[in-house]
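Grab a pencil and have a go at these short exercises. Try each task on your own before you read the solution below it.

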Amino acid sequence: MTELLFRDDAYATEFEAAVTGGVPGRPVLDRTLFYPEGGGQPGDTGVLVLPDGRELVVTDTKKGVEAGEVAHVLADAALVLAPGTRLQGRIDWERRHRLMRMHTCLHLLSAVIVAPVTGGAVGDGYGRLDFDLPESPESEEVQEKLNALIKRDAPVSFRWITDAELDAQPELVKTLSVQPPRGAGRVRLVQVEGIDLQPCGGTHVARIGEIGEVLIAKVEKKGRQNRRVRLEFPGVAATIS
Ligand SMILES: [Zn+2]
């Protein structure tokens, strides 16, 4: 098992850890701040620093082969690190913070557009949610509402509930395609005070004012009942998938 340090502190950028295993080019550590791709949020990038000062570039982070493990995808795909090797890790904080801002913004979008969410993804500077809606939402109106919410600068907080408690409140689950991670017996709820409450394992900003201004890049019809709403931060080229 890899201890998920980003769960306790999404703002930490550096940590110390030891190699516990993995495959060539993908070491597994006993603890990490690198978020593994999942729940629509991409994996973190950064560096692992060996005791001799050598920096290993981490190009992506994935869930490991074994449940509960995090694999750090190295630029050097052949490199093998011996178990027990101590190292320091440092995530690319500027990129992660943009991902946290957009990820949290998608929670707000799901509060502005009241419809079941059928899919979603976060990227660096952009994001999207798919809604089960017969009519397209009005883009300018959504953008105004979203930015007005962000200006409220509400705090984001977390609490854990049991799987059974979640089963008793199915209305908490807005995302039809991405079910909250179960099996560990408990699920983390993310609360944007007064605005949104839903289970989520991703990383979020502490206050929504940090998101800053967002734009609705596009509203697309993806099937008879599906509307895709794409967001971006100003100044980001909309070469988005
Ligand atoms: Zn989330």
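The exercises below work through a predicted model.

**Exercise 1. The zinc site**

Task: find which residues are the protein donors of the zinc ion, and work out which geometry its site has.

Solution:
- Step 1: Start at the zinc ion and look for the donor atoms. You should find NE2 of His 103, NE2 of His 107, SG of Cys 200 and NE2 of His 204, lying 2.0 to 2.2 Å from the ion.
- Step 2: Check the angles among the 4 donor atoms, which run from 101 to 125°. Four donors count as tetrahedral if all angles lie between 85 and 135 degrees, so the zinc site is tetrahedral.
- Step 3: Write the spacing of the donor residues in sequence: H-x3-H-x92-C-x3-H.
- Step 4: Now place two of the donors. His 107 sits in helix 2 (residues 93–112), while Cys 200 sits in the loop between strand 13 (196–199) and strand 14 (215–221), so this pair ties together parts that are 93 residues apart in sequence.
- Step 5: Are His 107 and Cys 200 buried or exposed? Buried means under 20% relative accessible area. His 107 has 5%, so this residue counts as buried; Cys 200 has 14%, so it's buried too.

**Exercise 2. Helix 2**

Task: compare the expected span of helix 2 with the distance between its end C-alpha atoms, then look at its cover and its N-terminal end.

Solution:
- Step 1: Helix 2 has 20 residues. The expected span is 1.5 Å times one less than the number of residues, so you should get 28 Å.
- Step 2: The end C-alpha atoms of helix 2 are 28 Å apart, which agrees.
- Step 3: How many residues of helix 2 are buried? The count is 16 of its 20, so you can call the helix mostly covered.
- Step 4: Look at the N-terminal end of helix 2, where Asp 92 acts as a cap. One of the side-chain oxygens of Asp 92 lies 3.4 Å from the backbone nitrogen of Glu 94.

**Exercise 3. Salt bridges**

Task: among the 11 salt bridges of the structure, track down the partners of Arg 96, Asp 60 and Asp 130.

Solution:
- Step 1: Arg 96 pairs with Asp 44, and their closest N and O atoms are 2.9 Å apart. This pair links distant parts of the chain: Arg 96 is in helix 2, Asp 44 is in the loop between strand 4 (31–32) and strand 5 (46–49), and they're 52 residues apart. Both Arg 96 and Asp 44 are buried.
- Step 2: Asp 60 pairs with Lys 62, with 3.5 Å between the closest N and O atoms. Lys 62 is partly exposed, at 26% relative accessible area. Add Glu 37, and you've got a network of salt bridges linking Glu 37, Asp 60 and Lys 62.
- Step 3: Asp 130 pairs with Arg 128 at 3.7 Å between the closest N and O atoms. Both of these residues, Asp 130 and Arg 128, are buried.

**Exercise 4. Strand 5 and its neighbours**

Task: work out which way the residues of strand 5 point, and how strand 5 pairs with strand 6 and strand 8.

Solution:
- Step 1: Gly 46 and Leu 48 point one way, Val 47 and Val 49 the other way, and all are buried.
- Step 2: Strand 6 (residues 55–63) pairs with strand 5 in the antiparallel sense over 4 bridges, and Val 47 stands opposite Val 57.
- Step 3: The hairpin of strand 5 and strand 6 has 5 residues between the strands, and there Gly 53 takes a positive phi near 95°.
- Step 4: Strand 8 (residues 86–91) also runs antiparallel to strand 5, joined by 4 bridges. Here Leu 48 stands opposite Gly 89.

Definitions and conventions: Residues numbered from 1 in each chain as written. Predicted model: local features only at pLDDT ≥ 70, side-chain atom pairs only at ≥ 80, totals over all residues. Heavy atoms only, no water. Donors = N, O, S within 2.8 Å, 3.2 Å for Na, K, Ca; no water. Tetrahedral: all angles 85-135°; square planar, octahedral: opposite > 155°, others 65-115°. Helix = DSSP H or I, 4+ residues; strand = E, 2+ residues; numbered from the N terminus. Buried < 20%, exposed > 50% of the residue type's maximum accessible area, 1.4 Å probe, protein only. Salt bridge = Lys/Arg side-chain N within 4 Å of Asp/Glu carboxyl O. Pairing = 2+ DSSP bridges. Polar contact = N/O pair within 3.5 Å; in protein donor to acceptor, adjacent residues only side chain to side chain.
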